[in-house]
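Biologist: I would like to learn how to read contacts and exposure from a model. Could you take me through one?

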Amino acid sequence: MLTQNLYNQKNNVFYPSTDHSTSAEWIEQQLQANDEISQIAVFLDAEQGVCAVIFASIHPSLEQTQKINDAINAINASLPEYVRIRKWVYAKLPFMIKYQQVTCSGTLCRDQIYHDYQVALTATN
C-alpha cells in the first residue's frame, strides 16, 4: 500500500526516511529522456522503496526490456541511494484518460496508476 506519510500527493514529493524530499517528476524526467520509455510513473512504496510503472510498447521485446534495465541502472548510478528505482513493471497499455490514469492536460493520476498496478509492484520476485 502506498504510504501516505511518505508521499505527498498534492506536490508529488517523496519523504523517505532520510528526511530528504524528492520530486517524483524529477526522477521521471531522468528516465523519460530514454527512447525506450514512452510513459513512466514513479512511486515510493513503504516496503518496495522507489518503484515505477513504465509503458514502452504494447508488446515489449527482451531487447527493449534490457535497454530499459540499462537506462534505469545508469540513472540509478547518478541518483542518491534513497531515490534509486528498486523495482519496475511494465504498464499493459499507455496511461489513458479513459482509465483515469491521466488528466486532459497529461498530468499523471498517480493514485489510479498505483491502484491499477499495485499487485505487480508489491509482488516479491
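Modeller: Start with a polar contact: the side chain of Ser 38 reaches the backbone oxygen of Ala 56 at 3.3 Å. A polar contact is a pair of N or O atoms within 3.5 Å; within protein, one must be able to donate a hydrogen and the other to accept it, and residues adjacent in sequence count only if both atoms are side-chain atoms. This is a predicted model, where local features need pLDDT of at least 70 and side-chain atom pairs count only at pLDDT 80 or more, while totals for chains, interfaces and linings use all residues. Residues are numbered from 1 along each chain as its sequence is written, and side-chain values use heavy atoms, with hydrogens and water left out.

Biologist: Where is Ser 38 found?

Modeller: Helices (H or I, at least four residues) and strands (E, at least two) are DSSP runs, numbered from the N terminus. Ser 38 sits in the loop between helix H1 (24–32) and strand S4 (39–45).

Biologist: With which residues is Ser 38 in contact, leaving aside neighbours within four places in sequence?

Modeller: Contact means heavy atoms within 4.5 Å. With those neighbours left aside, Ser 38 touches Gln 32, Phe 55 and Ala 56. The C-alpha atoms of Ser 38 and Phe 55 are 5.7 Å apart, although 17 residues separate them along the chain.

Biologist: Is Glu 28 buried or exposed?

Modeller: Buried means under 20% relative accessible area, exposed over 50%, partly exposed in between (1.4 Å probe, protein chains only). Glu 28 has 7%, so it is buried. Glu 28 lies in helix H1. Beyond four places in sequence, its contacts are Ile 40, Ala 41, Val 42, Leu 108 and Arg 110. Ser 38, at 38%, is partly exposed.

Biologist: What does the side chain of Lys 87 reach?

Modeller: The backbone oxygen of Ala 120, at 3.1 Å. Lys 87 belongs to strand S6. Its relative accessibility is 9%, so Lys 87 counts as buried.

Biologist: How many aromatic pairs does the count come to?

Modeller: Rings of Phe, Tyr and Trp (its six-membered ring) pair if their centres lie within 6.5 Å; planes under 30 degrees apart count as stacked, over 60 as edge-to-face and the rest as tilted. The count comes to 2 aromatic pairs. In the pair of Trp 88 and Tyr 90, the ring centres are 4.9 Å apart and the planes are at 80°, so this pair is edge-to-face. Trp 88 is buried at 17%. Tyr 90 is partly exposed at 23%.
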